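Q: Please take a close look at one buried polar side chain in this model. Then work outward to the packing, the rings and the strands. Keep it brisk.

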Amino acid sequence: LELSQIERMKGSYAGKNLLIVANGPSAVRFGSLPVAEFKRHGGLIMGMNFANLNPALEGTELDFFVSADRRPAQDPDLHKYLSDFSGIRVFVPEIRIGVWRKALPSQDLILFCRVLVRYLRAPWWHNGPHKPKGFVASTGLHALQIAKWLGFDNIFFIGLDNSYFREFEANIEGGLTQRMTHAGEEDTFETFSSDTASFLRGQSQLFMDFWTFSAPNIFNLDQLSYTDAFEKIDISSAWVQTQTRD
């Protein structure tokens, strides 16, 4: 029943343009000025996870926030940051709604389905956020799913780096150690049990799942990005396209 709200929102932002600001380390290269400029020209901004730490979002009010992860739901600094934005639409998974409602009692919380059903999917599910997903756990993928569902004319993004595949090494325990890098955060290291082939297979699946959302109106503004399922354009080209559609 609670997923009916996002179901009703399909196509509700037609005629608008969106910039998704993810938390990959490349977002730091862009700085906050391009994001503020996009907003000034009437574009809408979507942040995700620890958006409060992202230098690219400094001084910019979010219109949308998406998080599929556990840690943001438990972080009081992020909650305070989000509570300062009036009218923000906060998209969270149905499995974490209790925690988010407690954290943000006065915000507009919109649920999406985080359940994974990759095979034997009902054909009428398509890629709607109100139905089980067919892609790996990634807030970036959920952000693109929701953005497409809302019907934006153009969707631009920065910071969807997906660069973990180059930032891991074997450790003496026989597992792997992953370097975790995000814009505005200190690097951390996570150790886990896996073999190299299995780890890289999972990373390959992530890149393949991004192709699920490839479309002619979705653009990657990082021309050096590994995320190549979308046309890469420079920021100045994005502003021209946005302004011609205002």
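A: In this predicted model, Asn54 has a relative accessibility of 3%, so it counts as buried, the cut-off being under 20%. Its place is the loop between S2 and S3. What does the side chain of Asn54 reach? It reaches the backbone oxygen of Ala22, at a distance of 2.9 Å. Beyond its neighbours within four places in sequence, Asn54 is in contact with Val21, Ala22, Asn23, Ala27 and Ala183. Ala22 therefore appears both as the polar partner and in the contact list, around a side chain that the 3% figure marks as buried.

The loop between S2 and S3 also holds Asn49. Asn49 has a relative accessible area of 10%, which means that it is buried. Its phi is near 45°, a positive value in a residue other than glycine. Asn162 belongs in the comparison. It sits in the loop between S6 and S7. Asn162 has a positive phi of about 50°, although it is not a glycine. With a relative accessible area of 16%, Asn162 is buried too, because the cut-off is under 20%.

Now the nonpolar packing. The largest nonpolar core has 35 residues. Which of them touch the most other members? They are Ile20, Phe64, Phe91 and Leu144. Seven-residue input comes from H6, but first the list of contributors: two or more residues each come from strands S1 (17-21), S2 (44-48), S3 (64-66), S5 (108-112) and S6 (154-158), and from helices H6 (139-150) and H7 (196-210). H6 gives the most, with 7 residues. A separate core lies apart from this one. It has 33 residues, including Val35, Ala56, Leu78 and Trp100.

Phe91 deserves its own entry. Not counting residues up to four places away in sequence, Phe91 touches Ile6, Met9, Phe64, Phe65, Val66, Ser67, Ile110, Phe112, Ile146 and Leu150. Two of these partners, Ile146 and Leu150, are among the buried residues of H6.

H6 itself is mostly covered, with 11 of its 12 residues buried. The buried ones are Thr139, Gly140, Leu141, His142, Ala143, Leu144, Gln145, Ile146, Ala147, Trp149 and Leu150. How does its length check out? At 1.5 Å a residue, the 12 residues of H6 should span 16 Å, and the end C-alpha atoms are 16 Å apart, which agrees. Just after H6, Gly151 takes a positive phi of about 85°.

Next, the rings. The whole structure holds 15 aromatic pairs. One of them joins Phe156 and Phe219, which are stacked: 5.4 Å centre to centre, with 25° between the planes. Phe156 lies in strand S6 and Phe219 in strand S10 (residues 218-220), so this pair ties together parts that are 63 residues apart in sequence. Phe156 and Phe219 are both buried.

Another pair is Phe168 and Phe199. Their ring centres are 4.5 Å apart and their planes meet at 50°, so the pair is tilted. Phe168 is in strand S7 (residues 168-170) and Phe199 in helix H7, 31 residues apart, and the pair links these distant parts of the chain. Are the two rings buried or exposed? Phe168 is partly exposed, with a relative accessible area of 23%. Phe199 counts as buried, at 10% relative accessibility. Ring pairs also link Tyr13, Phe64, Phe91 and Phe152 into a cluster. Phe64 and Phe91 appear in this cluster and among the core residues that touch the most other members.

Phe168 leads on to the strands. Its bridge partner in S8 is Gln178. S7 and S8 pair in the antiparallel sense over 3 bridges. Their hairpin has 5 residues between the strands, and Gly174 takes a positive phi near 90° there. S8 (residues 176-180) is mostly covered: 4 of its 5 residues are buried. S8 also pairs with strand S9 (residues 188-192), in the antiparallel sense, over 5 bridges. In S9, Phe192 is the bridge partner of Leu176.

Terms used
Residues numbered from 1 in each chain as written. Predicted model: local features only at pLDDT ≥ 70, side-chain atom pairs only at ≥ 80, totals over all residues. Heavy atoms only, no water. Core = buried A, V, L, I, M, F, W, Y, C linked by side-chain atoms within 4.5 Å. Buried < 20%, exposed > 50% of the residue type's maximum accessible area, 1.4 Å probe, protein only. Contact = heavy atoms within 4.5 Å. Polar contact = N/O pair within 3.5 Å; in protein donor to acceptor, adjacent residues only side chain to side chain. Expected span 1.5 Å × (residues − 1). Phe/Tyr/Trp six-rings, centres within 6.5 Å; stacked < 30°, edge-to-face > 60°. Pairing = 2+ DSSP bridges.
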